[in-house]
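The following exercises concern the reading of a single protein chain from its sequence and coordinates. Each task is followed by a worked solution.

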Amino acid sequence: MSNGHATVKSSQTVFEGRVFTVTVDRVSYPDGRTVTMDVIRHRGSVVLIAMPAPDKVMMVRQYRYVVDKWLWELPAGTVDAGEDLETAALRECHEEIGKIAGRARKASSFFPTPGFCDELMNFFVMTDLRDRRQDEAAAAQDPDELLTVKEFSIAEARRMVARGEIIDMKTVVGLTLI
């Protein structure tokens, strides 16, 4: 297998989890070197810039076990297998903040950690937000999520970044897109 820049000589899956897979790849570079790469394979994610008004943004305060901290973040989630990005963004908006978006506009995409992970974070601006109607199914949160939803002015969210109160990178990046 070649992608034009490197040739994969072998790839061994060493872990398969709910969110990602880890492979150990032997790769040959065009200059002849062969290296071993530990790679996290990820289906990708959507990051929501949910705007209930032109000057407001919704964030979640979420406990993150891995860093043992409560973090203010833009809502986000993994794209399900076979799911298109806009559908994932609409689903995550309902699941994470309990709102149904009338509009999802893709803003940009970024690789957060391309040195070892192929996850592509896809940022969506979510507008025309409303509560679900009685005839619409309730959203289910992921079992590992412990979060609180809050609306902020965009200016206040940016001040929180400057004060070091928002330390989640996807949120810092997302706030630059609006």
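The exercises below treat a predicted model, beginning with its overall organisation and ending with individual residues.

**Exercise 1. Overall organisation**

Determine how many helices and strands the chain has, and in which pattern they follow along the sequence.

Solution.
1. The chain holds three helices and ten strands.
2. Along the sequence these elements follow the pattern β-β-β-β-β-β-β-α-β-β-β-α-α.
3. The C-alpha trace spans about 55 × 40 × 30 Å along its principal axes.
4. Of the 178 residues, 37% count as buried.
5. If contacts between residues at least 6 apart in sequence are taken, 56% of them join residues at least 24 apart.

**Exercise 2. Strand pairing**

State in which sense, parallel or antiparallel, β9 pairs with β4 and with β8; then describe how β1 is joined to β2.

Solution.
1. Strand β9 covers residues 121-131 and β4 covers residues 45-50; the two pair in the parallel sense over six bridges. Within this pairing, L48 has F124 of β9 as its bridge partner.
2. Strand β8, residues 99-110, pairs with β9 in the antiparallel sense over ten bridges. Here R105 has V125 of β9 as its bridge partner.
3. Strand β9 is thus paired in the parallel sense with β4 and in the antiparallel sense with β8.
4. At the start of the element list, β1 (residues 7-16) and β2 (residues 20-28) run antiparallel and are joined by eight bridges. The bridge partner of T7 in β2 is S28, and a hairpin of three residues links the two strands.

**Exercise 3. The nonpolar cores**

Identify the residues with the most contacts inside the largest nonpolar core, and list the contacts of I49 beyond its neighbours within four places in sequence.

Solution.
1. The largest nonpolar core has 17 residues, and I49, V57, M59 and F152 have the most contacts inside it.
2. At least two residues of this core come from each of β4, β5 (56-64), β9 and α2 (154-162).
3. With neighbours within four places set aside, I49 is in contact with V57, L74, F123, F124, V125, M126, G174, L177 and I178.
4. A second core, separate from this one, has 16 residues, including V46, V60, A88 and C93.

**Exercise 4. The buried face of α2**

Explain why the buried residues of α2 line one face of the helix, and name the elements against which they pack.

Solution.
1. The buried residues to consider in α2 include I154, A157 and M160.
2. Viewed down the axis of α2, its buried residues fall within an arc of 120°, so they line one face of the helix.
3. The general rule is that an α-helix has 3.6 residues a turn, so residues three or four places apart point the same way.
4. The buried residues of α2 pack against β5, β6 (69-73), β10 (147-153) and α3 (169-175).
5. After α2 comes G164, whose phi is positive, near 80°.

**Exercise 5. The largest pocket**

Give the volume of the largest pocket and state which residues lie nearest its centre.

Solution.
1. The space in the largest pocket amounts to about 1300 Å³.
2. Its lining consists of 40 residues, of which V19, H42, R64, T78 and E119 lie nearest the centre.
3. Assigning the lining to elements, β3 (34-42), β4, β5, β6, β7 (76-78), α1 (85-97) and α3 each supply at least two residues.

**Exercise 6. Three individual residues**

Decide whether H94, D68 and D128 are buried or exposed, and locate each within the chain.

Solution.
1. H94 lies in helix α1. Its relative accessible area is 17%; buried means under 20%, so H94 is buried.
2. H94 and A137 are 43 residues apart in sequence, and their C-alpha atoms are 9.9 Å apart in space.
3. D68 lies in the loop between β5 and β6. Its relative accessible area is 55%; exposed means over 50%, so D68 is exposed. Although D68 is not a glycine, its phi is positive, at about 50°.
4. D128 lies in strand β9. D128 is exposed, with a relative accessible area of 55%. The phi of D128 is near 55°, a positive value in a residue other than glycine.

Definitions and conventions
Residues numbered from 1 in each chain as written. Predicted model: local features only at pLDDT ≥ 70, side-chain atom pairs only at ≥ 80, totals over all residues. Heavy atoms only, no water. Pairing = 2+ DSSP bridges. Helix = DSSP H or I, 4+ residues; strand = E, 2+ residues; numbered from the N terminus. Core = buried A, V, L, I, M, F, W, Y, C linked by side-chain atoms within 4.5 Å. Buried < 20%, exposed > 50% of the residue type's maximum accessible area, 1.4 Å probe, protein only. Contact = heavy atoms within 4.5 Å. Arc of directions from axis to C-beta. 1 Å grid on protein atoms, 1.4 Å probe; cavity = no way out; pocket = protein on both sides within 12 Å on 5 of 7 lines; lining within 4 Å. Points joined across faces, edges and corners; volume = space filled by probe spheres on them.
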